[in-house]
Amino acid sequence: MSRPRIGLTLDVDDALVRYELKRVYVDAVLAAGGLPILLPFGDEQVAGAYLALCDGLVISGGVADVPPELYGEARRPRCGPAKPVRTQSEWAFCEAALAARIPVLGVCGGMQLLNVVRGGTLFQDLSDDLGLGCHEQPPPKDRPSHAIEVVPHTLLASLVGDQQLHVNSTHHQAVRTPGTGVLVSARAADGVVEAIELPDVPFALGVQWHPESASAHDDRHAAIYRGLVAAARDQRR
Ligand code: MN
């Protein structure tokens, strides 16, 4: 059986010279039976041309925050650095994939972008906005550090079950107001949104943790990538 082609968005270094992507993303797609395709930055036309080569899309995480201006807020001091060139490109990829009903997985910052693309907002800093400092765990970053409750009868529950799941946590922002058509499908005990999905398309899932590395501790995390690849295979048919 041929491998569905899974596009992966890239980060860029601070000097905006080198593309970067943690290898675990690529390995997770390979392990799930997909063929990783690394996606250079591009405008809507370029994004559309690349997506024509892809059956699924992963919007990866990274150290940059979505510019608050994109959800109608002024930047506050604890908001992290922005990489507008990266965000613009990922926005184009995300919109194009949703319009074409191509399966999308948003990871960490990729989940936050998915929410903002749909008109939602973010907490700029969980410790500043809510007094929650516990979502940025110390190394090792792959080790689960808090539990989440998965909402039954959701796409996420179909992949990982609706039992409690232990996740790693390396974020200081989170979804504040879900965007249009955005369903919250998991929360931490403190109420922080840990997963979102878009029931109006075949497969669009955002997870606030990093299943590509947490899978070393629990195979249910790998089921998220397997679900994306299976949806991409359906999409191709
Ligand atoms: Mn968390």
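**Helix α8, the manganese site and the internal spaces**

In helix α8, ten positions need attention at the outset: H221, A222, A223, I224, Y225, G227, L228, V229, A231 and A232 are buried. The model described here is predicted. Helix α8 covers residues 219–236, a run of 18 residues. At 1.5 Å a residue, the expected span is 26 Å. The C-alpha atoms at the two ends of α8 are 26 Å apart, so the expected and modelled spans agree. The N-terminal end of α8 is capped by D218. A side-chain oxygen of D218 lies 2.9 Å from the backbone nitrogen of R220.

The model also holds a manganese ion. Its donors are H135 through ND1, H146 through NE2, S169 through OG, H171 through NE2 and E194 through OE. The donor distances run from 2.2 to 2.3 Å. Along the sequence, the donor residues follow the spacing H-x10-H-x22-S-x1-H-x22-E. The pair S169 and E194 links distant parts of the chain, 25 residues apart. S169 sits in the loop between β9 (165–167) and β10 (174–177). E194 belongs to strand β12, residues 193–197. S169 has a relative accessibility of 0%, so S169 counts as buried. E194 also has a relative accessible area of 0% and is buried.

Open and enclosed spaces were examined next. The largest pocket has a volume of about 640 Å³. Its lining is made of 26 residues. K22, G62, V63, T170 and H210 lie nearest the centre of this pocket. Three helices give two or more residues to the pocket lining: α1 (23–31), α4 and α7 (211–214). By residue type, the pocket lining divides into 6 nonpolar, 12 polar and 8 charged residues.

The count of cavities of 30 Å³ or more comes to 1. The volume of the largest cavity is about 110 Å³. A total of 13 residues line the largest cavity, and A64, V66, R86, E90 and G109 lie nearest its centre. Two elements, α3 (84–99) and α4 (109–117), give two or more residues to this lining. Helix α4 gives the most, with 4 residues. The cavity lining holds 3 nonpolar, 7 polar and 3 charged residues.

Several loops show notable backbone features. The peptide bond from P139 to P140 is cis, with omega near 0°. P140 lies in the loop between α5 (126–130) and β8 (146–150). L16 is not a glycine, yet its phi is positive, at about 60°. This residue, L16, is found in the loop between β2 (11–12) and β3 (19–20). L16 has 52% relative accessibility, and therefore counts as exposed, the cut-off being over 50%. H153 also has a positive phi, near 65°, and is a residue other than glycine. H153 is placed in the loop between β8 and α6. With a relative accessible area of 83%, H153 is exposed.

D162 completes the survey of loops. D162 is placed in the loop between α6 (155–160) and β9. Its relative accessible area is 39%, so D162 is partly exposed. D162 and P152 are 10 residues apart along the chain. The C-alpha atoms of D162 and P152 are separated by 5.3 Å.

Methods: Residues are numbered from 1 along each chain as its sequence is written. This is a predicted model: local features need pLDDT of at least 70, side-chain atom pairs count only at pLDDT 80 or more; totals for chains, interfaces and linings use all residues. Side-chain values use heavy atoms; hydrogens and water are left out. On a 1 Å grid over the protein atoms alone, a cavity is a set of points where a 1.4 Å probe fits but cannot get out, and a pocket is an open set with protein on both sides within 12 Å along at least five of seven lines; lining residues have an atom within 4 Å of a point. Grid points are joined across faces, edges and corners, and a volume is the space filled by probe spheres set on the points. Ala, Val, Leu, Ile, Met, Phe, Trp, Tyr, Cys and Pro count as nonpolar, Asp, Glu, Lys and Arg as charged, and the others, Gly among them, as polar. Donors are N, O and S atoms within 2.8 Å of the metal (3.2 Å for Na, K and Ca); water is not among the atoms, so sites may look incomplete. Buried means under 20% relative accessible area, exposed over 50%, partly exposed in between (1.4 Å probe, protein chains only). The expected span of a helix is 1.5 Å times one less than its number of residues. A polar contact is a pair of N or O atoms within 3.5 Å; within protein, one must be able to donate a hydrogen and the other to accept it, and residues adjacent in sequence count only if both atoms are side-chain atoms.
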